[in-house]
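I am keeping these notes while I go through the structure piece by piece, and I want to write down only what I looked up.

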Amino acid sequence: MQFKHPEILWSLFLLIIPILIHLFQLRRFKKTPFTNVAMLQKVVAESRKSNSIKKWLLLFTRLLLLAALIIAFAQPFSSSVTALQEKETVIYLDDSFSMQAKNNGFSLLERAIQDLIKNSEQEQVFSLFTNEKTLANVTIKDIQNSLLTLRFSPKQLNLNEIGLKANTLFSNSSASIKNLIVISDFQQLLLDSNAELDSTLNVHLVPLRPQDIGNVSIDSIYFEDNSSEQASLKVLLSGGNEEDNLPISLYNNEVLIAKSAAKFSSNGNAEVLFTVPNNQELNGRLFISESGLSFDNTFYFNINTPEKVKVVAISNSDGDYLNRLFQGEEFEFQKFTLNQFNYSALDGQQVVILNDLTSIPSSLQNVLNGFKNNGGTVIIVPAVDSDINNYNALLSSLGRTRFTEKIVQPSNITQIAFDHPLYTNVFEKEVTNFQYPTTQTHFKLQGRLPNILSLQGGEPFLVGLDGVYVFSTSLDLKNSNFINSPLIVPTFYNMSQSGSKSPELYQTLGEPNSIDITTETSGDNILKVAKEGYEFIPLQQNFPNRVRLSFDQLPTEDGIYSVMQNEQVLKKISFNYPRWESELKYLSINELPKTSTQDSVAELFDYLKADNNITAYWKWFVILALLLALVEVIIQKFVT
């Protein structure tokens, strides 16, 4: 037994006073003589014996009564070992998209919030954080409205991040008990390879599970064929049942333009094909209606009127392969000989190709350096008899690359860097049986630019990245048959497109990406990105005749956004939430070490209250004192 006010127990020494009063009677008896006292002597002896018993009973009763009152004021109680220690509580509430799954008609997040509000003590101070918000040192009354209006987040912290965040909310005291409560559906994404919770924390897990773990998602889209007036748009879905035919609708703004049905295979995947007008503006929205998660039922994309990529070639070659490569409508191509070229022609260009030049004038080198620094793309194809030293002056400034020596020896192009950004989405799989192009002579290359195509033995044939691409040999037919290879079309097409970061069909929120807008800005005349009810200013970099917009943490909502300048819409760009939470796979949380698990929020709080339970006994001692007072009255009245 413990006491809240043990210092009051010193008052028990006051019990000596009634004992002393009882032992040393202060009253003096006066003797009165009688003539015949024989009978009186017998009566006096019996009375003295009866009074002595009564006085002892009264003494013990009063001593016990006083002792009971003193102990009651000292407030005795009993508790567990940890009940009296200071406690800190931090709660992680998972508000990721997977918490949209329903149980008994309510989403898992709604159910968790209601249970928190219902079971939390109104005056208990704690800290709570979600995947994006942090509420430190609050009571449930302080944050009730914030919790009820909490929105789902596209972000998801893993267990390691949850532990690190919680530690910033706990104090540095080593004497307090630190309780970390994790309320989540515990998807497998929550557990990373380095997950390890702090051993000083008491971690309590509350796993929430939906009634149905099925969920159909629109995963991605792409053009299967856009070479004609009508483009084939393929939509990929996942998570369906083989016996289901799920309706899927295609809207242009708010107008329904097509509808189809998704037939799922045995692995739960489906492909749906829509035909849309090619090279026409389309603000597309794909929609399915199903009972799983709602965030992945809508998919936004847009097709903008394509802008022509401006390409200029400075060539001394008689070959016309460049004319054939850039004759499409998406290019605005010009070709000059070195003697004819006017440097002012570079204004407004996006790609410059130096083809089959034996040397590059220093004045042109200076112009090209400025062109590259302003975001342009430079493609260098040397001549067979190029001046190595002259070329190296330009190569070292553009890409820290240089020619070392000329090799006169036939060689095959045998290696393709499939993971290079230039060949993203070009190959469905790694090709090993293609017909190898050949070259008769080449220059050895040294530098930091990564290989894109390599000769046998690993020597570079094409290197490049970020707007600088260098071939190690002439592409003249007398020297190489590369221009007759199927590789030349995607290679030159993607090199030229890298000079202009045109918007894709869609972007994914949270992933770094950038687009170029053809316009000019100055001073406060900046570009804004907006949709109805939401507007922000992205990071922007000015180049001649264009502005590059970069996106990372913004925006935070999916939808079709307008890029605006002075209230004028320049271009549309679509953003979608990442789909990595669409597949509902849950952790076996019993495998997590150093944790305790409760089936619900209510059970968890009952468990914590039982662990903190303190049993008070002062009321029983007050009742005992009242009973002893009653006993004293009875003794006074009935004991003679």
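Entry 1, a buried asparagine. I began with Asn 576, which I found in strand β33, and I noted that the model I am reading is a predicted one. Is Asn 576 buried or exposed? Its relative accessible area is 1%, and since anything under 20% counts as buried, Asn 576 is buried. I then looked up what Asn 576 touches, leaving aside its neighbours within four places in sequence, and I found Thr 298, Phe 299, Tyr 300, Tyr 506, Gln 507, Thr 508, Leu 509 and Asp 558.

Entry 2, the sheet around β33. I next asked which strands make up the sheet that holds β33. The sheet is an open one of 5 strands, in the order β26-β33-β32-β28-β29, and its pairing is mixed. The edge strands are β26 (507-508) and β29 (534-536), each of which pairs on one side only. Strand β33 covers residues 568-576, and 7 bridges join it to strand β32, residues 559-565, with the two running antiparallel. As one pair to find on the screen, I wrote down Ser 562, whose bridge partner in β33 is Lys 572. I reminded myself that strands of a sheet pair through backbone hydrogen bonds, either parallel or antiparallel.

Entry 3, an enclosed strand. I moved on to strand β19 and asked how many of its residues are buried. The count is 7 of the 7 residues, 351-357, so strand β19 is largely enclosed by the rest of the structure. On one pairing, 5 bridges join β19 to strand β17 (residues 309-315), and these two run parallel; on another, 6 bridges join β19 to strand β20 (residues 377-382), again with a parallel run. Val 352 of β19 is a useful landmark, for Val 312 stands opposite Val 352, and Val 352 also stands opposite Val 378 in β20. Following the chain, I saw that β19, helix α7 (residues 362-373) and β20 make a right-handed β-α-β unit.

Entry 4, an enclosed helix. I looked up helix α9, residues 488-497, and found that 8 of its 10 residues are buried, so this helix is largely enclosed by the rest of the structure. The buried residues of α9 are Ile 488, Pro 490, Thr 491, Phe 492, Asn 494, Met 495, Ser 496 and Gln 497.

Entry 5, a nonpolar patch. On the surface I found a nonpolar patch formed by Trp 10, Phe 13, Ile 16 and Leu 20, which together have about 490 Å² of accessible area. Of these I checked Ile 16, which lies in helix α1 (residues 16-23) and is partly exposed, with a relative accessible area of 43%.

Entry 6, salt bridges. How many salt bridges does the structure hold? There are 11, and I followed some of them in turn. Side chains of opposite charge can pair when their charged atoms come close.

The side chains of Lys 141 and Glu 123 meet in a salt bridge at 2.8 Å, N to O. This pair links distant parts of the chain, 18 residues apart, with Lys 141 in helix α4 (residues 140-148) and Glu 123 in the loop between α3 (108-119) and β6 (126-129). Lys 141 is partly exposed at 46% relative accessibility, whereas Glu 123 is exposed at 57%.

The side chains of Arg 285 and Glu 254 meet in another salt bridge, at 3.4 Å, N to O. Here Arg 285 sits in strand β15 (residues 282-288) and Glu 254 in the loop between β12 (245-252) and β13 (255-263), 31 residues apart. Arg 285 is buried, with a relative accessible area of 16%, while Glu 254 is exposed, with 65%.

I also noted that Arg 151, Lys 531 and Glu 557 are linked in a network of salt bridges.

Entry 7, the whole chain. Stepping back, I recorded that the chain has 11 helices and 35 strands, and that 45% of its 640 residues count as buried. The accessible surface of the chain comes to about 34800 Å², of which 51% belongs to carbon and sulfur atoms. Among contacts in the chain with a separation of 6 or more, 68% are between residues 24 or more positions apart.

Key. Residues are numbered from 1 along each chain as its sequence is written. This is a predicted model: local features need pLDDT of at least 70, side-chain atom pairs count only at pLDDT 80 or more; totals for chains, interfaces and linings use all residues. Side-chain values use heavy atoms; hydrogens and water are left out. Two strands pair if DSSP finds at least two bridges between them. Buried means under 20% relative accessible area, exposed over 50%, partly exposed in between (1.4 Å probe, protein chains only). A crossover is right-handed if, with the strands pointing away from the viewer, the path from the first strand over the helix to the second runs clockwise. Contact means heavy atoms within 4.5 Å. Accessible areas come from the Shrake-Rupley method with a 1.4 Å probe; for residues, only the protein chains shown count as cover. Patches are made of residues with over 30% relative accessible area and no salt bridge: like charges are joined within 9 Å, nonpolar side chains (Val, Leu, Ile, Met, Phe, Trp, Tyr) within 5 Å. A salt bridge is a side-chain nitrogen of Lys or Arg within 4 Å of a carboxyl oxygen of Asp or Glu.
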